[in-house]
Amino acid sequence: MDRPAAFRLDATASGHPAGILDAAEQAERRGMDRLVVAETAYDPFLQLARAADRTESIELATGIAVAFARTPMTLAYQAWGLHAASGGRAVIGLGSQVKPHIEKRFGMPWDRPAARMREYVHAVRAIWHSWQTGERLRFRGEFYTHTVMTPVFSPDPVPSGVPRILLAGVGPLMTRTAGAVADGFLSHPFSSTAYLAEQVLPGLTEERARAEAEGAAWTERPFEIVGNVLTATGRTEEELAANRAATRERLAFYASTPAYRPVLAQHGWEGLQEELHIHSVRGRWAEMAALIDDEVFDTFAVCGPVEEVAREIRRRYTGLVTRLSVSLPEDADPGLGLDVLAAVRSPDRPEAGTERP
């Protein structure tokens, strides 16, 4: 899991049907390595499949798709369809979501999420292996069983091989699961570099080393660590100020969530989490951003003009991650993200702003 100084660059898109084609074309034209679409109001597989028809070389990734909203078989079909349609460019980022959404939004079971996710990934890999090789499907686990696959329901093999699977996580159990069974790890935007270095990477490294020692087939590919950087920037002072304020509000929302308490505990800010959580329960959202002081803000986010932000991202994340994406406020100009990534580009890559022919 050696992490080179050069970063791969992942552009993000909202996945809104009205903008996905332009976002994909812009990302590829500006030399980004991967387009990432999260699962929010729209199905990322559908929107990425549309993007596949308008691009030629950029990888197309979910970041994340909600694993437990689907069975492994359902996910396997969606991912395989995208992979085949794009000529082998699909990368499947998975996350667990939280219990209320899985049970009350999707109507699916929730228990022991790390153990379930570990088995989930193994099940998806078993299904893909059956499709790719023609071997009989025989997967029996504690949570999932998949033993029926007739030729009429088996897709054709993909010449480039099966997709990569990346797992998102914050807590130690899910983080270690990513190291044990995935091709890479997706860091949460609410992660400081200290938390990544001291709480995330040791567990990832240990579990990945164990999988390699056991000869797991997926370890033949390098392990990816994706840094997702909360970023506030702008081309004018007004735009920068607006994006800084929106990022502060987003930080307050993240910090109020009990699941993210360990991230704040890394810096001795447990009391802040408790105070913000009380405000959120009482619906006092407007007051929460004021509790995020500049020290907290600068620990979890990078703010400033584009070139300044790019320099700081390089300083913080070189040697820590292998890939970078920037997480902008929802209403920010998405082109700012491409500007930052282009400026981050290391010297052995094309200059910022260079477009592919």
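**Notebook: salt bridges, rings and a covered helix**

Started at E274, which comes out as partly exposed, at 39% relative accessibility. This is a predicted model, so I treat every value here as computed from it. I looked for the partner of E274 and found R261, with the closest N and O atoms 3.1 Å apart in a salt bridge. The two sit in distant parts of the chain, 13 residues apart: R261 in helix α9 (residues 261-265) and E274 in helix α10 (residues 270-281). R261 is partly exposed as well, with a relative accessible area of 31%.

**More salt bridges**

How many salt bridges does the structure hold? I get 29. I picked out E224 with R164, where the closest N and O atoms are 2.7 Å apart. E224 is in strand β9 (residues 224-232) and R164 in strand β7, so this pair ties together parts 60 residues apart in sequence. Buried or exposed? Both E224 and R164 are buried. I followed the links outward and ended up with a salt-bridge network of D10, R34, E59, R164, E224 and R323.

Then I checked a pair within one helix. E206 and R210 form a salt bridge, 3.6 Å between the closest N and O atoms. They are four residues apart in α7, which means about one helical turn lies between them. That fits the textbook picture: an α-helix has 3.6 residues a turn, so residues three or four places apart point the same way. E206 is partly exposed at 39% relative accessibility, and R210 is partly exposed with a relative accessible area of 39%.

**Rings**

I counted aromatic pairs next and got 14. F190 and F300 are stacked, 4.5 Å centre to centre with 20° between the planes. F190 is in the loop between β8 and α7, while F300 belongs to helix α12 (residues 294-300), so the pair joins parts 110 residues apart in sequence. F190 is buried, its relative accessible area being 1%; F300 is buried too, at 2%. F253 and Y254 make a tilted pair, 6.0 Å between centres and 45° between planes. Here F253 is partly exposed at 45% relative accessibility, whereas Y254 is buried at 10%.

Which residues make up the aromatic cluster? I list F190, F253, Y254, Y260, W269, W285 and F300. One charge over a ring also caught my eye: R244 lies over the face of F297, 4.2 Å from the ring centre.

**Helix α6 and what touches M174**

Helix α6 (residues 172-181) is mostly covered, with seven of its 10 residues buried. Those are M174, T175, T177, A178, G179, A180 and V181. What do they pack against? I find α5 (113-133), β7, β8 (184-186) and α7 (193-213).

M174 turned up again in two contact lists. S96, in the loop between β4 (90-95) and α4 (99-105), touches M174 along with V66, F68, I102, W110 and M117, leaving out residues up to four places away in sequence. S96 counts as buried at 15% relative accessibility. A168, in strand β7, touches I64, L94, G95, M174, F185 and L186, with the same sequence neighbours left out. I also noted that A168 and S187 are 19 residues apart in sequence and 6.0 Å apart in space, C-alpha to C-alpha.

**Surface**

Last look, on the outside: Y77, V152 and F153 make a nonpolar surface patch of about 330 Å². V152 is in the loop between β6 (145-146) and β7 (164-168), and at 70% relative accessibility I log V152 as exposed.

Terms used: Residues are numbered from 1 along each chain as its sequence is written. This is a predicted model: local features need pLDDT of at least 70, side-chain atom pairs count only at pLDDT 80 or more; totals for chains, interfaces and linings use all residues. Side-chain values use heavy atoms; hydrogens and water are left out. Patches are made of residues with over 30% relative accessible area and no salt bridge: like charges are joined within 9 Å, nonpolar side chains (Val, Leu, Ile, Met, Phe, Trp, Tyr) within 5 Å. Accessible areas come from the Shrake-Rupley method with a 1.4 Å probe; for residues, only the protein chains shown count as cover. A salt bridge is a side-chain nitrogen of Lys or Arg within 4 Å of a carboxyl oxygen of Asp or Glu. Buried means under 20% relative accessible area, exposed over 50%, partly exposed in between (1.4 Å probe, protein chains only). Contact means heavy atoms within 4.5 Å. Rings of Phe, Tyr and Trp (its six-membered ring) pair if their centres lie within 6.5 Å; planes under 30 degrees apart count as stacked, over 60 as edge-to-face and the rest as tilted. A charge sits over a ring if NZ of Lys or CZ of Arg is within 6 Å of the ring centre and within 35 degrees of the ring normal.
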